[in-house]
Amino acid sequence: MPSLWALLALGCLRLCLGVNLQPQLASVTFATNNPTLSTVALEKPLCMFDSMVALNGTYEIYLYVLVDSASSRNASVQDSSRTPLSWTFRQTGGGRTGPYKAVVFDLTPCSDLPSLDAVGDVSRAPEILNAYLVRVGADGACLSDPNFQGLCNPPLSAATEYRFKYVLVNMSTGLVQDQTLWSDPIRTNRPTPYLAIDTWPGRRSGGMIVITSILGSLPFFLLLGFAGAVVLSLVDMGGSDGETTHDSQITQEAVPKSRGTSEPSYASVNRGLPLDRAEVYASKLQD
């Protein structure tokens, strides 16, 4: 995984120079679709706050979110006593009236970070992504759940610019130990208009194209089979009628009707006579 280590090293160089830096979007190696309509994946501040001075004790990192505006770019996340703000998503209107605390996680020493060599292990992938990334807007149920307890990290608004800030809090004192600058504005994606959705078959998968083609051709083959059955049925009926008519004509020619009741019929006269004498007698009767 040399390329992953290189990406991590570059990110760490950005963050390890001091706290006067900004939160950054996660690398496309870890988050290919970022931002989305309602989430933003950020790099965690790895080796950042403990790069200059060793920290003793227990520390947590708070991530604050703020909707970008001209009046909010220097918004504070602590009060006059350096106590971090605890405003929630609801209290700030989703970050429009002030910064809200969205995520809290422990400060992980650089030596305890999981190795990126194990990123190919599917079973360890969630652990590694959680160690290096934080996703804002990942909790879709906390606002609608009346029994939810804990920090709410609800989805962000689409097509909206946000700023983010990391704050290091000393848990033994409850005070802000250090913090980053606000990030540059990061805009969530805009929903695609219905009329702009590409329905060209080239955007479909191969399996979907095959299934669509089969389903589209099936009615044609069924109609073709039905037409063939009808044609064959008509041909059979025509052949039967022709044979019946031909047999009837032969019967009528062989056994003509008698002209009157007084004259004996050919069938009654020629009964028992030889064939040549019957023909002669039949010709006399006709005369």
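**Exercise 1. Determine the volume of the second largest pocket, and establish which residues and elements line it.**

Solution. In this predicted model, the second largest pocket has a volume of about 210 Å³. The next step is to collect its lining, which consists of F30, A41, K44, V103, F105, L129, N130, L133, V134 and R135. Assigning these residues to secondary structure then shows that β3, α2 (125-132) and β4 are the elements that each give two or more residues to the lining. Of the elements involved, β4 provides the largest share, namely three residues.

**Exercise 2. Describe the overall architecture in which this pocket is set, beginning with how many helices and strands the protein has.**

Solution. Counting the elements gives five helices and seven strands, and reading them along the sequence gives the pattern α-β-β-β-α-β-β-β-β-α-α-α. Turning to burial, 31% of the 287 residues in the protein are buried. As for the range of the contacts, among those between residues at least 6 apart in sequence, 67% join residues at least 24 apart.

**Exercise 3. Work out which residues of the largest nonpolar core touch the most other members, and which strands supply the core.**

Solution. The largest nonpolar core has 23 residues, of which L42, L63, V65, F164 and Y166 touch the most other members. Tracing the core back to the strands, one finds that β1 (40-43), β2 (59-67), β3 (100-106), β4 (133-136) and β5 (161-170) each supply at least two of its residues, with the largest share, five residues, coming from β2. Taking L63 as a worked case, and leaving aside neighbours within four places in sequence, its contacts are L42, Y100, K101, A102, V103, V134, V136, F164, K165 and Y166. A separate core of twelve residues lies apart from this one, and A26, L46, L116 and I128 are among its members.

**Exercise 4. Examine E60: is this residue buried or exposed, and what surrounds it?**

Solution. Begin with its place in the fold, which is strand β2. E60 is buried, yet it has no salt bridge. To check the absence of a partner, consider the nearest side chain of opposite charge, which belongs to K101 and is 7.0 Å away; a salt bridge would require a side-chain nitrogen of Lys or Arg within 4 Å of a carboxyl oxygen. Finally, setting aside residues up to four places away in sequence, E60 touches V104, F105, D106, L107, V167, L168, V169 and M171.

Notes:
Residues numbered from 1 in each chain as written. Predicted model: local features only at pLDDT ≥ 70, side-chain atom pairs only at ≥ 80, totals over all residues. Heavy atoms only, no water. Core = buried A, V, L, I, M, F, W, Y, C linked by side-chain atoms within 4.5 Å. Buried < 20%, exposed > 50% of the residue type's maximum accessible area, 1.4 Å probe, protein only. Helix = DSSP H or I, 4+ residues; strand = E, 2+ residues; numbered from the N terminus. Contact = heavy atoms within 4.5 Å. Lys, Arg positive; Asp, Glu negative; His and termini not counted. 1 Å grid on protein atoms, 1.4 Å probe; cavity = no way out; pocket = protein on both sides within 12 Å on 5 of 7 lines; lining within 4 Å. Points joined across faces, edges and corners; volume = space filled by probe spheres on them.
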